[in-house]
Amino acid sequence: MKFCSECGSEVTKGIPEGDNRERHICTHCGIVHYQNPKMVTGTIPVWEDKVLLCRRAIEPRRGLWTLPAGFMENNESTQEGALRETLEEANARVCIEQLYTTFNLPLISQVYLLFRARLQSLDFHPGSESLEVALFREDEVPWEELAFPVVRETLKLFFTDRQSGQYVHRVGDIYWESRRSGEYQVTMLQEGC
Ligand SMILES: [Zn+2]
């Protein structure tokens with residue numbers, strides 16, 4: 001941020017009185033511009049033993065496969081956002097069944113909320129942000145061509161839980177050394193203290 005969205009003057013970085021972190025502060029009107037994590041919401045659309053994935057038509061990770069998900073808009077709920085993204089990216093209608101995974105990505109200040117959802121029909125096709133939309137059984141999932149760690153981890157959990165039919169909501173944190181290497185670390189929240 002370079003300029004104040006309230007008055008257009010330059011902003012400077014500093015720690016406001018009573019605060020403990022650096023913020024953008026306007027040099028003219030003094031307003032503090034707080035920046036907080038972004039929420040990404042989406043679905044795991046399920047049809048029989050298959051999951052719907054979208055091949056990305058946009059950067060980052062163009063050409064790789066992902067679950068339908070995206071940044072929440074103002075004035076919508078997480079569920080509404082998940083349904084909207086599923087419709088926009090795959091023209092697919094789903095019925096939400098459960099909040100399935102919550103993944104924290106502290107390094108990029110994002111939180112993913114992915115809902116397990118039942119696909120209502122096989123009437124779906126790519127939206128403008130997708131090159132292709134398709135259903136995959138576990139052994140058909142393009143595991144080496146998934147766009148994001150959060151997608152891979154969620155699909156792994158889903159197909160493991162599918163064997164028992166007991167789907168448990170999980171919370172995990174994902175970190176990486178360098179995003180280019182593709183290597184990352186996952187820490188799942190253990191129940192109990
Ligand atoms: Zn200002």
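User: Which residues have the most contacts inside the largest nonpolar core, and how many residues does that core have?

Analyst: In soluble globular proteins, nonpolar side chains tend to be buried together. In this predicted model, the largest nonpolar core has 31 residues, and L52, Y112 and L114 are those with the most contacts inside it. Two or more residues are given to this core by each of β4 (38-47), β5 (50-56), α1 (78-90), β8 (94-105), β9 (110-119) and α2, and the largest share, six residues, comes from β9.

User: Which residues does L52 touch, leaving aside those up to four places away in sequence?

Analyst: With those set aside, L52 touches P45, W47, A90, A92, L119, F124, V133 and L135.

User: How should I read helix α2, and why does its span of 24 Å agree with its 16 residues?

Analyst: An α-helix has 3.6 residues a turn, so residues three or four places apart point the same way. Helix α2 covers residues 149-164, and because each residue should add 1.5 Å, a span of 22 Å is expected, which agrees with the 24 Å between its end C-alpha atoms. The buried residues of α2 are P149, V150, V151, E153, T154, L155 and L157, and the helix is followed by G165, whose phi is positive, near 75 degrees.

User: What does the protein chain contain as a whole, in helices, strands and domains?

Analyst: The protein chain has two helices and twelve strands, which follow one another along the sequence as β-β-β-β-β-β-β-α-β-β-β-α-β-β. The domain assignment gives domain 1 (1-35) and domain 2 (38-188), and the centres of these domains, taken over C-alpha atoms, are 35 Å apart. Of the 193 residues in the chain, 26% are buried.

Notes. Residues numbered from 1 in each chain as written. Predicted model: local features only at pLDDT ≥ 70, side-chain atom pairs only at ≥ 80, totals over all residues. Domains from an automatic or database assignment. Helix = DSSP H or I, 4+ residues; strand = E, 2+ residues; numbered from the N terminus. Expected span 1.5 Å × (residues − 1). Buried ≥ 20, exposed ≤ 12 C-beta atoms within 10 Å, placed from the backbone. Core = buried A, V, L, I, M, F, W, Y, C linked by C-beta atoms within 7 Å. Contact = placed C-beta atoms within 7 Å.
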